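Colleague: I'd like to go through this model with you and ask where the labels come from. Can you take me from the overall layout down to single residues?

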Amino acid sequence: MNVIKRLLICVLLALPLAAASAQTGPELSSRPGNVLVMRGLDKVTARTEDFEIRIGEEYRFGSLTILPRYCRERPPEETPEIFVFVEIFDHRPDTGETVEAEDERIFSGWMFASNPALNPLEHPVYDVWPIDCRA
């Protein structure tokens, strides 16, 4: 009886340690990236372009200004996914200046590489979606 009690106590004490190590493993291998790789499509000319943007820096694609705020890639042991938070502004056709008013921003939200249609940019000329997130 003492052996069974000791074994049960050892198992009960080991469970929280195993759970804690399982939770910290993926988080350590999944860190936010510094560079976002996106693909842009010009619907008029049917040309695509891949471009890299550092987080927090602007990139000009056609009449769009793309400003990535955050990107993360899941660790290899989980289902592959890249998700980014990005803001996109359109330039005014008459002046060429960036629209910076918050209520006139054309996109602000999360985009997912595995499912671009989940939260797409709705623009008559351009499509953009994330491809990769690099450290």
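Modeller: Sure. The protein has one helix and seven strands, and from the N terminus on the elements run α-β-β-β-β-β-β-β. Keep in mind that this is a predicted model.

Colleague: Then how do you know which element has the lowest confidence and which the highest?

Modeller: From the mean pLDDT, the predictor's confidence on a scale from 0 to 100. Helix H1 (residues 2–29) is lowest with a mean of 47, while S2 is highest at 97. The protein averages 79, and 69% of the residues score at least 70. Over residues 15–29 pLDDT stays under 50, and the model has five contacts beyond four places in sequence for that stretch. Where pLDDT is low, the predicted coordinates should not be read in detail.

Colleague: Fair enough. What makes a set of residues the largest nonpolar core here?

Modeller: The members have to be buried nonpolar residues joined through side-chain atoms within 4.5 Å. The largest such set has 18 residues, and Met 38, Ile 66, Ile 88, Met 111 and Val 128 touch the most other members. Strands S1 (35–42), S2 (47–54), S4 (64–73), S5 (82–90), S6 (107–112) and S7 (126–134) each supply at least two residues of this core. S5 gives the largest share, four residues. In soluble globular proteins, nonpolar side chains tend to be buried together.

Colleague: What does Met 111 touch?

Modeller: Leaving out residues up to four places away in sequence, its contacts include Met 38, Ile 82, Phe 83, Val 84, Val 86 and Ile 88. Asn 119, Leu 121, Val 128, Trp 129 and Pro 130 are also touched by Met 111.

Colleague: And how much of the protein is buried?

Modeller: Buried residues make up 30% of the 135 residues, with under 20% relative accessible area as the cut-off. The accessible surface comes to about 9,000 Å², and 55% of that belongs to carbon and sulfur atoms.

Colleague: Now the sheet. Why are S3 and S6 called edges?

Modeller: Start with the order: an open sheet of four strands runs S3-S4-S5-S6, with antiparallel pairing. S3 and S6 each have a single partner strand, so one side of each is left without a neighbour in the sheet. On average, neighbouring strands are turned by 35° against each other, direction ignored.

Colleague: How do you know that S5 and S6 pair?

Modeller: Pairing takes at least two bridges, and S5 and S6 have six, in the antiparallel sense. As an example, Phe 85 has Trp 110 in S6 as its bridge partner.

Colleague: On to the loops. Why is Ala 46 called exposed?

Modeller: Exposed means over 50% relative accessible area. Ala 46 is at 59%, so it counts as exposed. This residue is found in the loop between S1 and S2, and has a positive phi of about 65° although it is not a glycine.

Colleague: Then why is Gly 56 called partly exposed?

Modeller: Its relative accessible area is 46%. Partly exposed covers values between the 20% and 50% limits, so 46% puts Gly 56 in that class. Gly 56 lies in the loop between S2 and strand S3 (59–61).

Colleague: What does Gly 56 touch further along the chain?

Modeller: Leu 67 and Pro 68, not counting residues up to four places away in sequence. The C-alpha atoms of Gly 56 and Tyr 70, 14 residues apart along the chain, are separated by 8.0 Å.

Definitions and conventions. Residues are numbered from 1 along each chain as its sequence is written. This is a predicted model: local features need pLDDT of at least 70, side-chain atom pairs count only at pLDDT 80 or more; totals for chains, interfaces and linings use all residues. Side-chain values use heavy atoms; hydrogens and water are left out. Buried means under 20% relative accessible area, exposed over 50%, partly exposed in between (1.4 Å probe, protein chains only). Accessible areas come from the Shrake-Rupley method with a 1.4 Å probe; for residues, only the protein chains shown count as cover. Contact means heavy atoms within 4.5 Å. Axes are lines fitted to C-alpha atoms, for helices over the stretch in contact, and angles run from 0 to 180 degrees between N-to-C directions.
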